[in-house]
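Q: Please take a close look at one helix in this predicted model. Which of its residues are buried, and what do they pack against? Then go on to the sheet and the cysteines.

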Amino acid sequence: MFKKILIANRGEIAMRVIRTCKEMGIKTVAVYSTADAESLHVRFADEAVCIGPAPSNQSYLKMSNIIAAAEITNADAIHPGYGFLSENAKFSKICEEHEIKFIGASAEMIDKMGDKATAKATMKDAGVPTIPGSEGILDSFEETEKLAAEMGYPVMLKATAGGGGKGMRAVWAQEDLRKSWDSARQEAAASFGNDGMYMEKLIEEPRHIEIQIVGDSNGKACHLSERDCSVQRRHQKLTEETPSPFMTDELRQEMGEAAVKAAEYIKYEGAGTVEFLVDKHRNFYFMEMNTRIQVEHPITEEVVNYDLIREQILVAAGVAISGKNYTPQLHSIECRINAEDPYKDFRPSPGKITNLHIPGGHGVRVDTHVYSGYIIPPNYDSMIAKLITSAQTREEAINKMKRALDEFIVEGIKTTIPFHRQLMEHPDYIAGNYTTKFMEDFEMEAPKEES
């Protein structure tokens with residue numbers, strides 16, 4: 001087992017990893033930028049090393065600084081969390097070269113599953129259902145136009161190196177294709193340094209449902225059921241739940257088997273997520289695989305009583321998994337609390353938290369790194385907390401979430417708490433009748449004091 005793990009991340013996920021390491025008797029090293037000197041992960045780790053100024057490319061993305069921090073503290077493993085370097089093949093390889101265990105996928109696995117066109121071809125070979133579309137990267141606009149005509153509109157253009165919705169365009173008619181092609185490529189080149197595109201048939205009324213998997217070094221994998229991540233804004237998830245209100249026992253078994261088949265086909269090692277689009281007829285199609293821990297992993301932990309970070313560490317240390325598949329025993333919902341103003345198109349709201357009250361009670365979990373007096377820097381993702389409620393039924397979990405949101409007080413900045421409170425009252429959400437298009441028609445009601 002590892003003696004000391006460096007966490008190459010910040011915020012709530014760094015705190016999350018530190019907690020499990022402490023419970024396992026493993027020493028921790030926090031790294032931080034100058035903007036995060038007062039963050040809780042710096043305070044609660046056994047050691048902390050400043051790795052650069054506020055900009056990510058000079059700190060959390062600076063591989064040489066992170067490796068140097070690991071070497072001077074004698075860390076024998078690095079946990080990358082999510083985002084930043086968690087799916088960076090080069091960083092995984094550098095860790096291996098320095099004989100530091102990367103608690104995540106190998107460079108080869110990240111390359112294989114990180115490029116979406118390659119991942120889709122691999123899944124086809126594995127016998128996992130995939131969305132009809134181009135075979136690999138499109139060579140020209142002319143090829144794109146011809147394929148779109150053959151498949152029939154609507155179609156979806158996607159950047160092969162994409163993420164976070166960048167380089168994606170829905171095209172509903174032939175006359176819109178050229179403009180969408182040009183703008184998607186420009187955005188992809190600017191965001192990822194790669195303008196490679198592929199195209200798929202657009203799935204109508206889709207739900208975004210992912211299956212959590214864990215694989216070990218023996219090539220064995222298991223799944224921990226699904227998460228419904230369909231409530232999204234600009235391809236960014238806002239809230240997630242498990243089990244999905246759209247799921248049937250038969251569909252759960254089929255999708256779980258497909259996810260395990262995918263993981264075992266590529267001999268995947270570690271925690272990962274196989275993401276699917278599911279149409280209104282409950283046909284499901286492989287979308288992508290995330291070779292890291294997910295932001296929304298706590299809801300899975302709550303419904304199957306399973307510490308995913310602990311399992312990541314055990315698998316990385318060579319421990320075999322049980323091979324047992326899991327089904328939800330409770331219902332759990334996660335709301336991402338962001339420092340954004342939902343009344344002003346979710347505009348970022350960094351600044352000082354002047355007063356903070358964290359909700360509690362049975363079935364309420366809050367993962368956060370903030371406290372009263374903490375200054376939220378403008379340099380990073382705006383998420384400041386994850387509020388998770390769990391109960392015997394979905395209705396109870398929603399009611400518990402309403403109560404917890406009412407208790408969650410953050411003063412000094414704007415947050416998305418009012419949005420989540422209104423979401424929990426929305427008749428379509430309450431009925432479980434939502435797709436990835438849900439937010440297109442969602443309108444915030446005016447704040448009570450302005451009514």
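A: In helix α5, residues 107–114, the buried residues are A107, M109, I110 and M113. They span an arc of only 160 degrees around the axis, which puts them on the same side of α5. The buried residues of α5 pack against two helices, α4 (89–97) and α6 (116–126). They also pack against two strands, β5 (101–102) and β13 (284–290).

One of those partners, β5, belongs to an open sheet of five strands. The order is β3-β2-β1-β4-β5, and the pairing is parallel. β3 (47–52) and β5 stand at the edges. Each has a single partner strand, so one side of each is left without a neighbour in the sheet. In general, strands of a sheet pair through backbone hydrogen bonds. Within this sheet, β1 (residues 4–7) and β4 (residues 77–79) pair in the parallel sense over three bridges. L6 stands opposite I78 in β4.

Now the cysteines. A search of the whole structure finds zero disulfides. C50 is in none; the nearest cysteine sulfur, that of C95, is 19 Å away. C50 counts as partly exposed, at 39% relative accessibility. C229 is buried, with a relative accessible area of 0%. The closest cysteine sulfur to that of C229 is in C335, at 13 Å. That is too far for a bond, because a disulfide needs the two sulfur atoms within 2.5 Å.

Notes:
Residues numbered from 1 in each chain as written. Predicted model: local features only at pLDDT ≥ 70, side-chain atom pairs only at ≥ 80, totals over all residues. Heavy atoms only, no water. Buried < 20%, exposed > 50% of the residue type's maximum accessible area, 1.4 Å probe, protein only. Helix = DSSP H or I, 4+ residues; strand = E, 2+ residues; numbered from the N terminus. Arc of directions from axis to C-beta. Contact = heavy atoms within 4.5 Å. Pairing = 2+ DSSP bridges.
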